[in-house]
Number of protein chains: 2
Amino acid sequence: MGDMKMSGGVEWAVHCCVVLSQAEGPVPTQRLAEYHGISRTYLAKHLQQLSRAGLVTSTEGRVGGYLLTRAAEDITVLDVILAIEGTEPAFRCTEIRMNGPFPPSPQACKRPCGVNRVMQAAEQAWRSSLRSVTIADLAAGVTDDNGPQTFDRVREWLAT
Amino acid sequence: MGDMKMSGGVEWAVHCCVVLSQAEGPVPTQRLAEYHGISRTYLAKHLQQLSRAGLVTSTEGRVGGYLLTRAAEDITVLDVILAIEGTEPAFRCTEIRMNGPFPPSPQACKRPCGVNRVMQAAEQAWRSSLRSVTIADLAAGVTDDNGPQTFDRVREWLAT
DNA sequence: TAAACGTGGATAAGAACTATCCACGATTAG
DNA sequence: CTAATCGTGGATAGTTCTTATCCACGTTTA
């Protein structure tokens, strides 16, 4: 049935952050969209979310664009995901245990439902994993995969 | 923006499995829906998915209903989630690295994109966590929270 | 002053989620 | 045998979410 899928914008946002980690000046949406072959107008929305989340700063005007607000080592993949997807947990307990013929006592209801506890623990594991990887790690992976001078060419391309 | 939310049917399905773990005979959809105060017709769809996934067996006819196919100790929360949500990963890589001006070499493309690898690792952590909890564990939690004779009353109610 | 750029709002097509209903076959109590 | 119960699969909608586009506006710079 459902898919519990992540927004497609997450992929865009993470890749954009990797590119921004190599930028020497503000990079406009136009450039980032060209670089990734994606929609400029829609990407703009995602970049605004990164901006609101405090991951990037924007400079308006003629030579404006986006820059990371802090070192790539200090931005985790989780940061980017939460900026795009929001911070709400994937599972929302509707407390159906209260609907049945034997609802738990008020005392027992102070604790979250057991199902909810399991889901929360799993989400914590997921977040921990994503928090352990930074944009800098991803950038290092790109040079590993594509060669050391990859980002030199990227910087050159961005300056065009 | 998006929420990467889990289908609401997951909550229903897990709770139903906990109830089924206490059943002494086939439990019809009607009964499960009443127990949880949820829609009968919609719950039927979810139970069919559990059936297709091999987690429950159905018996048709006059005294039909659902039963777990195996011991509650051998059904994990992950099993139920995958039955309802499908087995596709939450993150789907669209390979936007190929769109750019510097696509990786065919050799480098044999490995999944670095972003994808991170997402897959996180999902594995999530799945591991959910695989470590069984329906039996959840049932034990209910007796811990609501008292030891909770399921006696449930069995009595189901037999009504 | 015009061009480039980010911002926020409005809008819309398509997909997914939630939910319901019905026709059908199977089973069983009476 | 017959009627009631029950699961199955298909069809159908309403609502929400996702994806995407466009525009008016303010800012900055050549």
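In these legends, Ala, Val, Leu, Ile, Met, Phe, Trp, Tyr, Cys and Pro count as nonpolar, Asp, Glu, Lys and Arg as charged, and the others, Gly among them, as polar. Please keep in mind that this is a predicted model.

**Figure 1. The protein residues around DNA strand C.** Welcome to the first strand. In this view, 29 residues surround DNA strand C. The closest come from both chains: A:Lys45 and A:Tyr66, together with B:Ser39, B:Glu60 and B:Arg62. Sorted by class, this surface holds seven nonpolar, 14 polar and eight charged residues. If you look at the DNA side instead, 63% of the atoms of strand C within 4 Å of the protein are part of sugar or phosphate, and the rest belong to bases.

**Figure 2. Polar contacts to DNA strand C.** Here you can zoom in on three side chains. A:Lys45 places a polar side-chain atom 2.5 Å from a base oxygen of DNA strand C. For A:Tyr66, the partner is a phosphate oxygen of strand C, with a polar side-chain atom 2.3 Å away. B:Ser39 also has a phosphate oxygen of strand C as its partner, at 2.4 Å from a polar side-chain atom. Two or more residues of this surface are given by each of α3 (40-52), β1 (56-59) and β2 (65-68) of chain A, and by each of α1 (8-20) and α3 (40-52) of chain B. With four residues, α3(A) gives the most.

**Figure 3. The protein residues around DNA strand D.** Now turn to the other strand. DNA strand D has 30 residues around it, and those that come nearest are A:Ser39, A:Glu60, A:Arg62, B:Lys45 and B:Tyr66. The surface near strand D is made up of seven nonpolar, 14 polar and nine charged residues. Of the strand D atoms within 4 Å of the protein, sugar or phosphate accounts for 65%, and bases for the rest.

**Figure 4. Polar contacts from chain B to DNA strand D.** Three residues of chain B are worth finding here. In the side chain of B:Ser58, an N or O atom is 3.1 Å from a phosphate oxygen of DNA strand D. B:Gly61 uses its backbone: a polar atom there is 3.0 Å from a sugar or linking oxygen of strand D. B:Tyr66 has a polar side-chain atom 2.3 Å from a phosphate oxygen of strand D. The elements that each give two or more residues to this surface are α3 of chain A, and α3, β1 (56-59) and β2 (65-68) of chain B. The largest share, four residues, is that of α3(B).

Notes
Residues are numbered from 1 along each chain as its sequence is written. Chains are lettered from A and ligands numbered from 1 in the order in which they are written. This is a predicted model: local features need pLDDT of at least 70, side-chain atom pairs count only at pLDDT 80 or more; totals for chains, interfaces and linings use all residues. Side-chain values use heavy atoms; hydrogens and water are left out. A residue is near a molecule or strand if one of its heavy atoms lies within 4 Å of it. A polar contact is a pair of N or O atoms within 3.5 Å; within protein, one must be able to donate a hydrogen and the other to accept it, and residues adjacent in sequence count only if both atoms are side-chain atoms.
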